[in-house]
Amino acid sequence: MFAYLVKRVFQAIAVMFVISLIAFAIQGNLGDPLRELVGQSVSEEVRQQLRDELGLNDSFLTQYLRFAGNALQGDLGTSYFFKEPALDVIMKKLPATLELVFGATLIIVGLSVPLGVYTAIKPDTILSRIIMGLSIVGISIPVFLTAILMIFVFSVSYGWFPSFGRGDVVHVWGYWETNFVTADGWMHIILPSFALASIMLPLFVRLIRAEMMEVLQSEYVKYAVAKGIRPWRIYFVHALKNTLLPVITVGGVQIGTMVAYTILTETVFQWPGMGFMFLEAVNRVDTPLIVAYLIVVGFIFVVTNTIVDLIYGLVNPTVNLARMGA
Amino acid sequence: MSLLSVRDLTVKFAMRDETVTALNGISFDVAKGERLGIVGESGAGKSITGFSLMNLISRPGYVDRGEILLDGEDVVKMNDKRLRQLRGDKMAMIFQDPMVTLNPVLTIGQQMIETLLAHRKLSREEARQIAIVKLREVYIPSPEDRLDQYPHELSGGMRQRIIIAIALLLDPELIIADEPTTALDVTIQADIMELLLELCQSNKVGLILITHDLGVVSQMTERTLVMYAGRIIEAGRTREIINDPQHPYTQGLINALPQQTLPGHKLRQIPGNMPSLTNIPPGCPFNPRCEYATDLCRSKLPEVIQYGEVQVACHEVERLHAEGARQEQNA
């Protein structure tokens, strides 16, 4: 178990190295940072001098090593626009994004399992056909369109939910302010969460349904029937556990992907998270902030995947973590 | 009264273009504690017979007509609740491949205890104790530890022993074993069969043994059904069928046994293959492979007749018998 953990951590470090290299390489291709820093009115000599001071004339390797060294100490550069450390800017926005992802994850987990299981057990009912039809629609419509439609229907036409912002948030700790305490906070997070879940949820319903249908054809399910086990126990103990094993692996990757999808959802709902921040940073050519965002998102991706792999090992008895480390 | 009485059982499969008849008017009985063998090549309908006794035929298959009376109750017409009560309790089944029969994510103990709890009002601890006793009966070493293990930690032979133990958990009256050793190493096949025979005899359990191996049938069973293309073509006491087979197909099966051939000689196989269910020849389904076939065989389906001690479905049985007797005299 410990050996496996060490191995996974080393893999994670290798992945982070590649991510940092790519993110840093982007930096040099996003235009001249001096234009953003000093504007038009500064002479060429002064610019050259500033370039030397900022180390922009050093070789790529020197610049990368300096960047990586700083990054390891938690310094991902200073945002040109906010004039603060980029990491601080992101950390302020991170809780809003994570809460949004958490809300969407709750919706996905809470709905995909019952819907997936139902459509697998009763594939021929009208309800199943409707669910499967809607899931195709859900996968096909881009997130921003779903979000705008939801605002149009639920905010503008019916006025049930607010259309933008986080509403009443309660300060918890550090930069963390939460939506999940006040009624107003809940009202604000519901629409964005559903919008964010709109692609993943149908994907998971279909995935669970397909896996479940396959498992229901297996010999061990037939054997359980031959033993006289009750249907609900066959579905939820014998079949579901085997169904969820592959789903967990895919799920881990998708949680990471959702963090990235927040860019669209947050922009439409004016959600003050790091996806919205990233889009603004791109508009302002705020290179350090863009690079810092890519690294933080990459980091979240790597961490969730590592955790998911460890959970998979714990859930699946045929995976021997101790042996895999060797 | 017999324990199990199958009458005119017909099972069909609704395929996309046509409906295929997999079992065609099967009738047989199993007395209490009797051991019956069902033999035939792949595709003869042996396994479908076994599964339909438990009403485990699933779509697109269905029982078209006939009845399966278990102690006078018709399994075909039973509702789900009553079926659930019978399955695993009065009738238990042993599947073919122990590597895929047990659920990989549940421990041996969970899979045994759930079976007991599905049928009896017991505490978990009581169920656990029964499971340990049954594991000991099938010679599983240190059964207490096995209960907490997962199937993948055990060998194929060990798993099949556990499946036999599960079949015996609720002291059933009938066990249906569908080629229980086909997926196992040759070295342990005999062990498993011996164990199954021993337990059926000591517990007075009826057994339906589905196999393609006539050698196994002769050791294990009292009566035998020979199936071909979804029909029973010969039935009777195992000793008679092995020693004096009447149907040319049964004779072919026995001649094909390796024991019937001298070392170094080619095995005497039956020429040709079992016809596909979508393309069964007119007349006797065996006629294209039968060296004695006449025009009558190619046009009219033979009825099952009583011939001596056995029932057989063959037009030419009298002639074959006479020829067989003449050959013996000449020899």
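Chain B contains an open sheet of 4 strands, arranged in the order E2-E1-E4-E5 with antiparallel pairing. Its edges are formed by strand E2 (19-30) and E5 of chain B, each of which pairs on one side only. The model described here is predicted, and the mean pLDDT of chain B is 89, with 98% of its residues at 70 or more.

Within this sheet, strand E1 (residues 4-14) of chain B is joined to strand E4 (residues 61-70) of chain B by 8 bridges in the antiparallel sense. Two pairs help to fix the register for anyone following along in the viewer: Val6(B) has Ile68(B) as its bridge partner in E4(B), and Arg7(B) stands opposite Glu67(B) in E4(B). In a regular strand, side chains alternate between the two faces of the sheet.

On its way to the edge of the sheet, the chain passes through a hairpin formed by E4(B) and E5(B), with 2 residues between the strands. Asp71(B), in the turn, has a positive phi of about 50°. Strand E5 (residues 73-74) of chain B runs antiparallel to E4(B) and is connected to E4(B) by 2 bridges; here Leu70(B) stands opposite Glu73(B). The sheet also has a helical neighbour: helix H1 (residues 46-53) of chain B lies across E1, E2 and E4 of chain B and runs at about 70° to E2(B).

Turning to chain A, the mean pLDDT is 84, and 94% of the residues reach 70 or more. Confidence in chain A is highest in helix H9 (residues 219-226), at a mean of 94, and lowest in helix H13 (residues 321-325), at 50. Where pLDDT is low, the predicted coordinates should not be read in detail.

Two packed helices can be described by the angle between their axes and the distance between those axes. For helix H10 (residues 231-268) of chain A and helix H12 (residues 287-315) of chain A, the axes come within 9 Å and cross at roughly 165°. H10(A) is therefore roughly antiparallel to H12(A), and the crossing is right-handed. From H10(A), the contributors to this contact include Leu245(A), Ile248(A), Gly252(A), Ile255(A), Gly256(A) and Val259(A). From H12(A), they include Val297(A), Phe301(A), Thr304(A), Val308(A), Ile311(A) and Tyr312(A). By class, the residues of this contact divide into 13 nonpolar, 6 polar and no charged.

H10(A) also packs with H9(A): the two axes come within 10 Å and cross at roughly 145°, again in a right-handed crossing. On the H9(A) side the contact is made by Tyr220(A), Val221(A), Ala224(A) and Val225(A), and on the H10(A) side by Ile234(A), His238(A) and Ala239(A). These residues comprise 6 nonpolar, 1 polar and no charged.

H9 and H10 reappear where the chains meet. The contact between the chains takes 18 residues from chain A and 23 residues from chain B. On the side of chain A that touches chain B, H9 and H10 of chain A are the elements that give two or more residues, and H9(A) provides the largest share, 6 residues. That side of chain A divides into 6 nonpolar, 6 polar and 6 charged residues. For the complex, the predictor gives an ipTM of 0.89 and a pTM of 0.82.

Note on methods: Residues numbered from 1 in each chain as written. Chains lettered and ligands numbered in written order. Predicted model: local features only at pLDDT ≥ 70, side-chain atom pairs only at ≥ 80, totals over all residues. pLDDT = per-residue confidence, 0-100. Axes fitted to C-alpha atoms, helices over the stretch in contact; angles between N-to-C directions. Parallel < 35°, antiparallel > 145°, perpendicular 65-115°, else oblique. Left-handed = near helix turned anticlockwise from the far one by under 90°. Contact = placed C-beta atoms within 7 Å. Nonpolar A, V, L, I, M, F, W, Y, C, P; charged D, E, K, R; others polar. Pairing = 2+ DSSP bridges.
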